[in-house]
Each structure stands twice: as structure tokens, then as C-alpha cells.
Amino acid sequence: MTYGLHLPMGVDPNRPSASRIYDYFLGGTHNFAADRAVAERAIELVPELPKIMKANRAFLHRAVRHAVADGVTQLLDLGAGIPTEGNVHDAALAADPRARVVYVDRDPVAVLHGNDLLAGVPNAATVHGDLLDPEALQDDPQIRALLDFDRPVCILMIAVLHFVPDGPALDAALAHYRTVAAPGSYLAVTHATNSARPEEINRITDLYNRTGTPLVVRNRDQLATIFEGWQLVPPGIVYGPEWRPDPNGPPVADPASYITLAGVGVKAGSSGR
Ligand SMILES: C[S@@+](CC[C@H](N)C(=O)[O-])C[C@H]1O[C@@H](n2cnc3c(N)ncnc32)[C@H](O)[C@@H]1O
């Protein structure tokens with residue numbers, strides 16, 4: 001990736017970033033040498049990581065299609081990363097051209113590329129922000145222009161909460177989203193776990209912690225607390241490939257090896273749609 005003099009404000013190319021490491025796993029080019037070094041070391045530890053990240057993207061698509069099929073065409077993707085091809089707007093707009101999508105990320109590089117990639121895409125925007133500051137997001141003019149919180153919204157937190165430590169800030173943010181979401185809204189989450197392959201995952205956690213992008217793995221019970229106040233859509237919290245797999249897709253032999261738990265919750269009550 002070359003920026004010349006145009007490196008976004010606040011971006012240190014020598015400091016690895018979760019969005020750009022992830023971009024490398026997905027085969028993207030929006031990453032620096034420091035990001036690639038972490039990604040390559042992680043792949044040494046768990047060689048299937050690119051396959052695992054692609055399976056995470058596949059879950060994202062299934063969750064988006066599920067919400068849109070239920071009439072929820074407003075999508076708020078928190079911790080969106082770089083919205084390269086095959087992201088939320090692709091799945092949502094293919095399912096319903098009325099879909100409106102806002103991507104939020106705290107990494108200015110992800111936002112910069114998001115804006116480039118979304119140029120000309122109707123009803124989609126990328127916003128710089130922190131999911132731990134939901135009031136600021138709700139007041140953001142770009143988000144307000146695209147999303148109406150009086151109607152159901154599908155909130156996506158895909159492969160992001162494992163970068164957010166436990167504590168009052170996370171609890172308050174989750175409570176805020178739960179409270180402001182209109183009945184009929186969805187919450188879709190994927191999350192790294194060390195419930196399977198603990199030794200390898202603990203080594204990856206050490207690697208991320210050493211490189212300034214601390215990783216917090218959680219188990220199924222901990223993920224269930226994230227869904228408090230939401231009704232889990234069957235099959236509940238499962239390994240990503242087990243969540244409503246595409247009936248025409250190839251069977252997945254060992255879902256736990258994907259080290260990612262996934263779930264979708266719906267807010268109870270009459271949606272008024
Ligand atoms: C592994 S990437 C996942 C990207 C995307 N959700 C996906 O699954 O394709 C995690 C992203 O979350 C972002 N992130 C981490 N903590 C965040 C926070 N508190 N608020 C907003 N974004 C955050 C990182 O910058 C990174 O882009």
C-alpha cells in the first residue's frame with residue numbers, strides 16, 4: 001500500500017492495526033509491512049487463519065441475508081474493517097436494493113478506504129468512530145442521514161468484540177445499543193474463542209498483545225452475556241460455520257476448528273414494520 005504524502009492523520013504505519021492485519025488475511029492490499037509481519041506470524045501459528053476469516057465473512061453474509069429477509073434493511077456495522085468486496089453492502093443490496101448501510105471503524109485507514117470503496121454506492125457510508133461511544137455515533141450526521149433508529153436496525157459486531165476488554169465501557173455500550181434498538185432489530189456477533197485449540201489461540205493472543213492490538217478471547221457463556229436482552233435466533237451461539245449453513249454449501253468437517261463463536265439475536269416486541 002502506498003500513500004506518498006497522503007498518509008491519513010493519526011496513522012502510524014509501523015504500528016500494526018487489526019483492520020489491516022485482517023485485510024491481509026482476506027487477501028487484500030490495504031496493509032503495511034508491520035501489519036503483514038503480524039499476520040504472517042499468526043498464520044505460522046494457525047495456518048488456516050485465512051480460511052477462518054473467509055468463513056467469518058460467510059457468516060456475515062448469512063446473518064445480513066437473514067435480517068434483510070425479515071425486512072430489516074438498515075444495517076450498522078461496528079468495527080467494520082476495510083469494506084472490501086463481499087462485505088455488508090454487497091450482501092444487503094443484493095437482497096434488497098433499498099438497504100442502507102453504515103460502516104464504523106476506529107481505524108482512520110479503514111475509513112479512508114471505506115470512503116474510496118463506497119464512492120458511487122447508494123445509501124452506504126463509512127464513519128470514523130468507536131463502538132464504545134454509542135451516543136456520538138447516534139448523533140453523527142452521516143449515520144442520522146442514513147439510519148432511522150425508530151425502525152429496526154441490524155447491528156453487526158463481527159470479529160470486533162475480541163478487541164474490546166471487559167469493563168463498564170463495554171457494558172454501558174451494549175446496554176445503549178439494546179435500549180435504543182427498535183423492537184425487531186437484530187444483533188449479530190462473531191467472536192474469537194479459545195474453547196477449542198486453546199494452546200494455539202493463546203499463542204495468537206500473546207502475539208496480538210505484544211503488538212499493541214490486545215485480543216480478549218471469550219467462551220460461549222461470556223458471549224451469552226453480550227446477548228442479554230436479545231432473543232437468540234436458533235441455533236443460538238454456535239461455531240460460525242454451524243450458524244444456519246448454506247444448504248447448498250459443502251459440509252464443514254470440524255466447526256470448532258474455526259475458533260469463532262457466532263450468534264444472532266433479535267429484540268423482542270412489535271416491530272411496527
Ligand atoms: C478483525 S477486524 C473485523 C472487520 C469486519 N467486522 C469483518 O469481520 O470483516 C476488527 C475491526 O474492528 C475495529 N475495532 C476494534 N475496536 C473497535 C472499536 N472500539 N470501535 C470501532 N472499531 C473497532 C478494528 O479497527 C478492525 O477494523
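How far is an oxygen atom of the ligand from an N or O atom in the side chain of arginine 57? In this predicted model, the separation between the ligand oxygen and the side-chain N or O atom of arginine 57 is 3.1 Å. A second arginine takes part through its side chain: a polar atom of arginine 106 is placed 3.2 Å from a nitrogen atom of the ligand. The backbone contributes as well, with a polar main-chain atom of isoleucine 158 at 2.7 Å from a ligand nitrogen. Of the 600 Å² of accessible area that the ligand has on its own, 97% is covered by the protein.

The shell around the ligand consists of 17 residues, and the closest of these are Ser19, Gly79, Asp105, Asp130 and Ile158. Isoleucine 158 is thus named both among the closest residues and as the source of the backbone contact at 2.7 Å. By class, the shell comprises 7 nonpolar, 5 polar and 5 charged residues. At least two shell residues come from helix H1 (18-25), and at least two from helix H3 (49-69).

Helix H3 also packs against another helix. Two packed helices are described by the angle between their axes and the distance between the axes. For H3 and helix H4 (residues 88-95), the angle is about 35 degrees and the axes are 9 Å apart. The crossing of this pair, H3 and H4, is right-handed. On the H3 side the contact involves Leu60, His61, Val64 and Val68, which meet Val88, Ala91, Ala92 and Ala95 of H4. The contact of H3 with H4 contains 7 nonpolar residues and 1 polar residue, with no charged residues.

Two features of the backbone were noted in loops. Most residues other than glycine have a negative phi, and most peptide bonds are trans. Arginine 197, a residue other than glycine, has a positive phi, near 55 degrees. Arginine 197 belongs to the loop that connects strand E5 (186-192) with helix H9 (198-210). The peptide bond between proline 234 and proline 235 is cis, with omega about 10 degrees. Proline 235 is located in the loop between strand E6 (231-232) and strand E7 (238-239).

Notes: Residues numbered from 1 in each chain as written. Predicted model: local features only at pLDDT ≥ 70, side-chain atom pairs only at ≥ 80, totals over all residues. Heavy atoms only, no water. Near = heavy atom within 4 Å. Polar contact = N/O pair within 3.5 Å; in protein donor to acceptor, adjacent residues only side chain to side chain. Areas by Shrake-Rupley, 256 points an atom, 1.4 Å probe, with all protein chains shown as cover. Helix = DSSP H or I, 4+ residues; strand = E, 2+ residues; numbered from the N terminus. Nonpolar A, V, L, I, M, F, W, Y, C, P; charged D, E, K, R; others polar. Axes fitted to C-alpha atoms, helices over the stretch in contact; angles between N-to-C directions. Left-handed = near helix turned anticlockwise from the far one by under 90°. Contact = heavy atoms within 4.5 Å.
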